[in-house]
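Colleague: I'd like to learn how to read a protein model feature by feature. Could you walk me through one?

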Amino acid sequence: MTTSPQSTALTIMVIDDSSTIRRSAEIFLNQAGYQVVLADDGFDALAKINDHHPALVFCDILMPRLDGYQTCALIKKSARFRATPVLMLSSKDGLFDRARGAMVGASAYLTKPFTKDSLLAAVREHAVPQA
């Protein structure tokens with residue numbers, strides 16, 4: 001299946017413990033022609049990221065086991081993924097939350113609930129073309 005037109009599409013990872021958020025993001029991104037990898041928490045994401053090498057990661061902040069800040073910091077500590085943009089997803093929109101996201105290396109902050117347009121605009125603005 002590596003010869004399908006989708007194989008050249010950018011891969012986007014969505015990490016969120018909410019199946020509704022994951023599904024919404026997956027639908028919006030698939031409709032726009034992106035490949036989507038879903039993870040339901042930080043540990044799941046770290047297990048999948050090496051196999052899929054996403055061009056961009058959307059990461060929820062409030063998750064069980066490994067929160068979004070910890071997940072983002074671990075992704076950014078990896079030499080292989082240091083340049084991969086991580087966009088934090090949260091229902092909280094405070095200055096402290098944004099600052100903490102920036103401190104762990106997040107490229108941007110998207111407030112939930114997001115719209116299809118805001119999600120795709122974030123991808124267009126931040127995604128790094130894959131080699």
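**Strands first**

Modeller: Happily! Strand β1 pairs with β3 through four bridges, and the two run parallel. In that pairing, M13 has V57 of β3 as its bridge partner. Please keep in mind that this is a predicted model.

Colleague: How many bridges join β1 to β2, and in which sense do these strands run?

Modeller: Five bridges join them, and they run parallel. One position to look at is I15, which stands opposite A39 in β2. Between β1 and β2 the chain passes through helix α1 (residues 19-31), and this β-α-β crossover is right-handed.

Colleague: What should I expect of the side chains along a strand?

Modeller: In a regular strand, side chains alternate between the two faces of the sheet. Here, T11, M13 and I15 are on one side of β1, while I12 and V14 are on the other.

Colleague: Which of those β1 residues are buried?

Modeller: All of them, so both faces of β1 are covered. To count a residue as buried, we ask for under 20% relative accessible area.

Colleague: Where else do you find parallel pairing over four bridges?

Modeller: Look at β4 and β5, which pair in the parallel sense over four bridges. There, L89 stands opposite L110 in β5. The chain goes from β4 to β5 by way of helix α4 (residues 95-103), and this β-α-β crossover is right-handed.

**Reading a helix**

Colleague: Now a helix, please. How do I find its inward side?

Modeller: An α-helix has 3.6 residues a turn, so residues three or four places apart point the same way. Take helix α2, which spans residues 42-52 and has G42, A45 and I49 as its buried residues. Seen down the axis of α2, these buried residues fall within an arc of 45°, so they line one face of the helix.

Colleague: Which residues are exposed on the other side of α2?

Modeller: A47 and D51 are exposed there.

Colleague: And what covers the buried residues of α2?

Modeller: The cover includes three strands, β1 (11-15), β2 (35-39) and β3 (56-60), together with helix α3 (68-77).

Colleague: What caps the N-terminal end of α2?

Modeller: That is D41: one of its side-chain oxygens lies 3.0 Å from the backbone nitrogen of F43. After α2 comes H53.

**Backbone details**

Colleague: What is there to notice about the phi of H53?

Modeller: Phi of H53 is near 40°, a positive value in a residue other than glycine. H53 sits in the loop between α2 and β3. Its relative accessibility is 29%, so H53 counts as partly exposed.

Colleague: Which residue in the loop between β3 and α3 should I look at next?

Modeller: Try R65, which lies in that loop. R65 also has a positive phi, near 70°, and is a residue other than glycine. With 62% relative accessibility, R65 counts as exposed.

Colleague: Where is the cis peptide bond?

Modeller: It joins K112 and P113, with omega at about 0°. P113 belongs to the loop between β5 (108-111) and α5 (116-126).

**A buried loop residue and two cysteines**

Colleague: Is T84 buried or exposed?

Modeller: T84 counts as buried, because its relative accessibility is 5%. You'll find T84 in the loop between α3 and β4 (86-90). Leaving aside residues up to four places away in sequence, T84 touches P54, A55, L56, V57 and K76.

Colleague: Let's finish with cysteines. What is a disulfide, and how many are counted here?

Modeller: A disulfide is a covalent bond between the sulfur atoms of two cysteines. The count here comes to zero. C59 is in no disulfide, and the nearest cysteine sulfur, that of C72, is 6.6 Å away. The cut-off used is sulfur atoms within 2.5 Å, so this pair is not counted as a disulfide.

Colleague: Are C59 and C72 buried or exposed?

Modeller: C59 counts as buried, at 0% relative accessibility. C72 is buried too, with a relative accessible area of 0%.

Notes:
Residues are numbered from 1 along each chain as its sequence is written. This is a predicted model: local features need pLDDT of at least 70, side-chain atom pairs count only at pLDDT 80 or more; totals for chains, interfaces and linings use all residues. Side-chain values use heavy atoms; hydrogens and water are left out. Buried means under 20% relative accessible area, exposed over 50%, partly exposed in between (1.4 Å probe, protein chains only). The arc is that of the directions from the helix axis to the C-beta atoms. Contact means heavy atoms within 4.5 Å. A polar contact is a pair of N or O atoms within 3.5 Å; within protein, one must be able to donate a hydrogen and the other to accept it, and residues adjacent in sequence count only if both atoms are side-chain atoms. Two strands pair if DSSP finds at least two bridges between them. A crossover is right-handed if, with the strands pointing away from the viewer, the path from the first strand over the helix to the second runs clockwise.
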